[in-house]
Amino acid sequence: MEMSLKNREWKEFFLNDIFSKIQRGKRLKRGDHKKGNMPYVSSSAKYNGVDNYVGNTKKVCMFSNCLSLANSGSVGSCFYQPFEFVASDHITKLENEEFNKYILQFLSTIISRLGEKYSFNREINDTRVKREKILLPITSKGEPDYSFMEAYIREKERKKIKTYKNYI
């Protein structure tokens, strides 16, 4: 059965009603980077936002299993980060410990659309993040339909894997 985004009810939700933890990363100047293997996520729209690899572990913000939202630079770029990483101050962590990777992947795509309303001159600051709204599919009770989001991404993943297997 084809999962569809059409013919579903959608509703606006504030980001701070969806994510239990919203936190900006911490400034780490390029000259202070220590050589290492820890991904350093900044405001790049490429490579899941990974801008470098560092060895810094003190006086930095380390996150994992969350979304990284670029609040400057490539404003609005949003990625699911399954690994532990050091977050620059150009990144805002969006976390809800109840969400699995499929729900986070669905949400990252929706949140990335914020880039359409922001720019290099109009960044997403801490106040704006908390007031930002996104449209999500809802249940009959008007709540975000996280089961649908998970099933939708699982189906997309299943189809991609099948395509790759057929190719090989």
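Helices (H or I, at least four residues) and strands (E, at least two) are DSSP runs, numbered from the N terminus. The model is predicted: local features need pLDDT of at least 70, side-chain atom pairs count only at pLDDT 80 or more, and totals for chains, interfaces and linings use all residues. Residue numbers start from 1 along each chain as its sequence is written, and side-chain values use heavy atoms, with hydrogens and water left out.

**Exercise 1. Locate N65 and N48, and state the phi and the exposure class of each.**

Step 1. N65 is in the loop between β5 (61-63) and β6. Its phi is positive, about 45 degrees, although N65 is not a glycine.

Step 2. The classes are buried (under 20% relative accessible area), exposed (over 50%) and partly exposed (in between), with a 1.4 Å probe and protein chains only. N65 has 33% relative accessibility, so it counts as partly exposed.

Step 3. N48 sits in the loop between β3 (35-41) and β4 (50-54). Its phi is near 60 degrees, a positive value in a residue other than glycine. N48 counts as partly exposed because its relative accessibility is 27%.

**Exercise 2. Check the length of helix α2 (residues 101-112) and describe its N-terminal end and its buried residues.**

Step 1. The expected span is 1.5 Å times one less than the number of residues. For the twelve residues of α2 this gives 16 Å, and the end C-alpha atoms are 16 Å apart, so the two values agree.

Step 2. N100 caps the N-terminal end, with a side-chain oxygen 3.0 Å from the backbone nitrogen of Y102.

Step 3. Buried residues of α2 are Y102, I103, L104, F106, L107, S108, I110 and I111.

**Exercise 3. Describe the largest nonpolar core and name the element that gives the most to it.**

Step 1. A nonpolar core is a set of buried Ala, Val, Leu, Ile, Met, Phe, Trp, Tyr and Cys residues joined through side-chain atoms within 4.5 Å. The largest one has 30 residues, and I18, F19, L67, L107, I111, I134 and L136 have the most contacts inside it.

Step 2. Two or more residues come from each of α1 (15-18), β6 (66-70), β7 (78-81), α2, β10 and α4 (146-167). Helix α2 gives the most, with seven residues.

Step 3. F19 is placed in the loop between α1 and β2 (21-24). At 3% relative accessibility, F19 counts as buried. The C-alpha atoms of F19 and L94 are separated by 6.0 Å, although these residues are 75 residues apart along the chain.

**Exercise 4. Place N71, give its exposure class, and find its side-chain partner.**

Step 1. N71 lies in the loop between β6 and β7. With a relative accessible area of 2%, N71 is buried.

Step 2. A polar contact is a pair of N or O atoms within 3.5 Å; within protein, one must be able to donate a hydrogen and the other to accept it, and residues adjacent in sequence count only if both atoms are side-chain atoms. The side chains of N71 and R24 form such a contact at 3.3 Å.

**Exercise 5. Find the C-alpha distance between G36 and V54.**

Step 1. G36 belongs to strand β3. Its relative accessible area is 24%, so G36 is partly exposed.

Step 2. G36 and V54 are 18 residues apart in sequence, and their C-alpha atoms are 4.2 Å apart in space.
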